Structure formats: structure tokens, C-alpha cells
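These notebook entries record what I looked up in one structure. I began with the interior and ended with the backbone.

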Amino acid sequence: MNPHKGHRERLRERFLAEGLDNFPEHNILELLLFYALPQKDTNPIAHALLTEFGSLAGVLDAPLEELCKVSGVGQNAAVLIKLLPPFWRRYQMSRTAGDDCLDTIEKAGAYLLPRFFGLKTEQVYVLCLDAKCKLLVCKKLFEGIVNAAQIHTRRVVELALACNASSVILAHNHLSGVALPSHDDRVTTLRLKEALESVGVFLADHIIVAEEDFVSMAQSGW
């Protein structure tokens, strides 16, 4: 007999009745760990994780190898924890996948935000649109180390021509948490704008994402 069965069932029933909004962070971790550690008391493990990493967000952001060092966690539980941020990112991407007409800044931003959720490196996406702003291609072209993503003009131009795009939206993330364009962002945008115009493609925007915020360089006058 599992001595923790009653507690587990009560916690599950509470979640089903109330959701997670009123759960303390250790109970959220407990509930999650039930499914990786069916025979263990997950309460002390949840507390140990929070002590080690400071918060629920800290636990989810922790490297796999560091999670495995916490007593009682193990490989299966660590992998389950690391699954959550990319799972949430794919969920959000799936929710926005049906709206492929990106004819406003708000639609473009809503489409792009989930693709940068929880990332620890800079990434660059290129969206190619037809004449009616229907999305033809969304492609991640570059991924760099922190603060060092590179945007190669030739690859962007080649992609736009390959899918016969009328316009392009460029997007990348700032890990600093501030979405304001840097000097390098402005220089890159102007260089790419000129290169695309030379082949008859319009650079519609360069969107910079930081956490849950984004800035449109077109809307900002850049």
C-alpha cells in the first residue's frame, strides 16, 4: 500500500476542482512529481528543489544535470521538469498556427511571442508573406550564443526569393528583458531593407521580443 496515496488523491482532486492559481509552489511541484516518482513522498523533494533553485521558475529553468543532483529527483523527474517550458512554447505556437494572415503588428507579435518563450540564446526568425500578408514560411534561420545572434543578409534574401515572398518580417529576441532596438539592430535592419528592396521584396517590420513584450521597429519609426 502506498502511504502517500490519500495525500496524492486529495491534491489531484483539489487541482481538478480549483486549478493551480491558489496552489503554493511546493504543491505544484509535488503534483508534477507524482507522475515521475509514483512510489516516493514528493513533498520533501519539492521543498528541496525550491530551496536549491529559489522558485518554481528557477526549478523549470535549472539545467538537467543540476536537477539530477537534488536528492530524490532522478533522471525521469528531471526530464519531466525540463519538458514543461518547451511543451508550453509548442502549445502556444499551436494556438496561433491557424491565423496565417499577419496583416497587423498585433497579429505578427502574437504569432511570434510563443516562439521565443523561455529561450536562453538569441534566435532569429524570418517570416515570408505574400501580397495579402498571408504567411508563406516561418523559418528559424539563426541561433547564437547570448547577445550574439548573427543575421546574414544573403540567407534572408535567398529565403524570400525561394518562396516568392512580397514582404518579410524579421524577428529576434533580447535576453536582457528589454525589447528596445540597439544600435546594431538598427544598422542590421537598414542593411536588410536595402538588400531586399534590390530584389523587389519589402521589409515590413523587424520585431524584437523580450520575455512577454515585443517592439515593432516599423511602428517605432526605425
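The entries below follow the order in which I consulted the model.

**Entry 1. Status of the model.** I note at the outset that this is a predicted model.

**Entry 2. Nonpolar cores.** I looked up the largest nonpolar core and found that it has 25 residues. Within this core, L49, V59, L67 and I81 have the most contacts. I then asked which helices supply at least two residues each of this core. They are helix 2 (25-33), helix 3 (42-53), helix 4 (56-61) and helix 6 (74-96). I took I81 as a point of entry and listed its contacts, leaving aside residues up to four places away in sequence. I81 touches L32, L33, L49, V59, L60 and L67. Another core, of 19 residues, lies apart from the largest one, and its members include L141, L159, V168 and V201.

**Entry 3. The largest pocket.** I recorded about 1,000 Å³ of space in the largest pocket. Its lining comprises 29 residues, of which L60, L84, P85, W88 and F117 are the closest to the pocket's centre. I next asked which element gives the largest share of the lining. Helix 6 does, with five residues. Helix 2, helix 4, helix 6 and strand 4 (202-210) each supply at least two residues of the lining. By character, I count 21 nonpolar, four polar and four charged residues in this lining.

**Entry 4. Helix 8.** I turned to helix 8 (residues 153-162) and listed its buried residues: T153, V156, V157, L159 and A160. Why do I describe these buried residues as lining one face of the helix? Seen down the axis of helix 8, they fall within an arc of 160°, so they line one face. In general, residues three or four places apart in an α-helix point the same way, because there are 3.6 residues a turn. The face of helix 8 turned away from the buried side carries the exposed residues R154 and A162. I also looked up what covers the buried residues of helix 8; the cover includes strand 1 (123-129), strand 2 (135-143), strand 3 (167-173) and helix 9 (183-197).

I examined T153 of helix 8 separately. T153 has a relative accessible area of 15%, and I class it as buried because this is under the 20% cut-off. Not counting residues up to four places away in sequence, T153 touches R191, L192 and A195.

**Entry 5. F214.** I located F214 in strand 5 (residues 213-216). F214 is at 23% relative accessibility and counts as partly exposed. Beyond four places in sequence, F214 touches I105, G109, L113, A179, I207, I208 and V209. I also noted the C-alpha to C-alpha distance from F214 to H174, which is 9.6 Å for a separation of 40 residues in sequence.

**Entry 6. Positive phi values.** Most residues other than glycine have a negative phi. I therefore looked up exceptions, given that general tendency. N164, just after helix 8, takes a positive phi of about 55°. C133, in the loop between strand 1 and strand 2, has a positive phi of about 65° although it is not a glycine. C133 is partly exposed, with a relative accessible area of 24%. E211 lies in the loop between strand 4 and strand 5, and its phi is positive, near 55°. With a relative accessible area of 64%, E211 is exposed.

Terms used: Residues are numbered from 1 along each chain as its sequence is written. This is a predicted model: local features need pLDDT of at least 70, side-chain atom pairs count only at pLDDT 80 or more; totals for chains, interfaces and linings use all residues. Side-chain values use heavy atoms; hydrogens and water are left out. A nonpolar core is a set of buried Ala, Val, Leu, Ile, Met, Phe, Trp, Tyr and Cys residues joined through side-chain atoms within 4.5 Å. Buried means under 20% relative accessible area, exposed over 50%, partly exposed in between (1.4 Å probe, protein chains only). Helices (H or I, at least four residues) and strands (E, at least two) are DSSP runs, numbered from the N terminus. Contact means heavy atoms within 4.5 Å. On a 1 Å grid over the protein atoms alone, a cavity is a set of points where a 1.4 Å probe fits but cannot get out, and a pocket is an open set with protein on both sides within 12 Å along at least five of seven lines; lining residues have an atom within 4 Å of a point. Grid points are joined across faces, edges and corners, and a volume is the space filled by probe spheres set on the points. Ala, Val, Leu, Ile, Met, Phe, Trp, Tyr, Cys and Pro count as nonpolar, Asp, Glu, Lys and Arg as charged, and the others, Gly among them, as polar. The arc is that of the directions from the helix axis to the C-beta atoms.
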